[in-house]
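User: Please take a close look at one part of this model for me, the ring pairing, and then work outwards from there. Keep it casual, but give me the cut-offs.

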Amino acid sequence: MRTLWKVGALISVIGLIGACSDDVENQDDASSSTTTEESGEDLIFAMSSDAVDLSPHGSNDTASTQVRSQIYESLTIMDENMDVQPHLAQSFEQIDEHTWSFELREGVTFHDGEALTAEAVKRSLERVIDPDVASPRAFLFDMIESIEVESDDEVTITTSYPFAPLPAHLAIMAGVSLVRRR
């Protein structure tokens, strides 16, 4: 019995060492396919499940959120200490209990080259809270009463009640995920 245990442990250790090896010559041909850059085709990466929807306002599952975080940007972001920091917003400040002002970063463009504007931020927020869109993430922004474009690079958000965590909610990909309607 003791010998059988030792043999099992030895096999396990050999398996672990082999799995940690960086010998790429023995890998399966499927895993050594051409890169996206070389072939101009698909980007493939492993996930625990498939994304349900790529629309930032279309679903509330983890897999979709992980994929969308590689595509979309948010106004704010959480740093390594979980403090809210400006991201696409250059700065933000609370004007009063109900009002927040966000100044957008200059030089930010969409994939099509069009500049990020306060109007695009407004459209994105209006889309997530639109009852016709029925976003499962709309509850994160139920407190928003109005969104006003002050200039091309400044947007003001007014809430119906005091809501200090608004900048943290805007760090979530469902917030201002900056999608453009065509």
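Analyst: Tyrosine 161 sits partly exposed, at a relative accessible area of 40%; on this scale buried is under 20%, exposed is over 50% and partly exposed is in between, using a 1.4 Å probe and protein chains only. Before going on, a caveat: this is a predicted model, so local features need pLDDT of at least 70 and side-chain atom pairs count only at pLDDT 80 or more, while totals for chains, interfaces and linings use all residues. Numbering starts from 1 along each chain as its sequence is written, and side-chain values use heavy atoms, with hydrogens and water left out.

Now the rings. Searching the whole structure turns up 3 aromatic pairs. Rings of Phe, Tyr and Trp (its six-membered ring) pair if their centres lie within 6.5 Å, and planes under 30 degrees apart are stacked, over 60 edge-to-face, the rest tilted. The pair of phenylalanine 92 and phenylalanine 102 is stacked, at 5.7 Å centre to centre and 25° between the planes. That pair links distant parts of the chain: phenylalanine 92 belongs to strand β3 (residues 89-96) and phenylalanine 102 to strand β4 (residues 99-104), 10 residues apart. Strands and helices here are DSSP runs numbered from the N terminus, with E and at least two residues for a strand, H or I and at least four for a helix. The two partners have different surroundings: phenylalanine 92 is partly exposed at 23%, whereas phenylalanine 102 is buried at 0%. Tyrosine 161, where we came in, makes an edge-to-face pair with phenylalanine 163, at 6.1 Å centre to centre and 85° between the planes. Phenylalanine 163 counts as buried, with 14% relative accessibility. There's a cluster too, in which ring pairs link Phe92, Trp100 and Phe102.

Stepping back to the whole chain, you get 5 helices and 6 strands, in the order α-α-α-β-β-β-β-α-β-β-α from the N terminus on. Buried residues are 31% of the 182 in the chain. A contact means heavy atoms within 4.5 Å, and among contacts with a separation of 6 or more, 51% are between residues 24 or more positions apart. About 11900 Å² of the chain is exposed, 51% of it supplied by carbon and sulfur atoms; those areas come from the Shrake-Rupley method with a 1.4 Å probe, and for residues only the protein chains shown count as cover.

Helix α4 deserves a stop. It has 12 residues and reaches 17 Å from first C-alpha to last, close to the 16 Å expected at 1.5 Å a residue, where the expected span is 1.5 Å times one less than the number of residues. Its buried residues include Ala118, Val121, Leu125 and Val128, and β4, β5 and β6 (154-159) are among what covers the buried set. A search of the whole structure finds 1 salt bridge, defined as a side-chain nitrogen of Lys or Arg within 4 Å of a carboxyl oxygen of Asp or Glu. Here glutamate 126 pairs with lysine 122, the closest N and O atoms being 3.8 Å apart. Both are in α4 (residues 118-129), 4 residues apart, so about one helical turn separates them. Glutamate 126 is partly exposed at 36%.

Last, some loops. Serine 74 lies between α3 (62-68) and β1 (76-78) and is buried at 1%. A polar atom of the serine 74 side chain lies 2.5 Å from the backbone oxygen of threonine 76. Most residues other than glycine have a negative phi. Methionine 82, though not a glycine, has a positive phi of about 65°; this residue is in the loop between β1 and β2 (84-86) and is exposed at 57%. Alanine 134 also has a positive phi, near 55°, in the loop between α4 and β5 (144-151), and is exposed at 56%. Aspartate 83, in the loop between β1 and β2, is partly exposed at 41%. Leaving aside residues up to four places away in sequence, aspartate 83 touches Ile77 and Met78. The C-alpha atoms of aspartate 83 and alanine 168 are separated by 8.3 Å, with their positions 85 residues apart along the chain.

Terms used
Polar contact = N/O pair within 3.5 Å; in protein donor to acceptor, adjacent residues only side chain to side chain.
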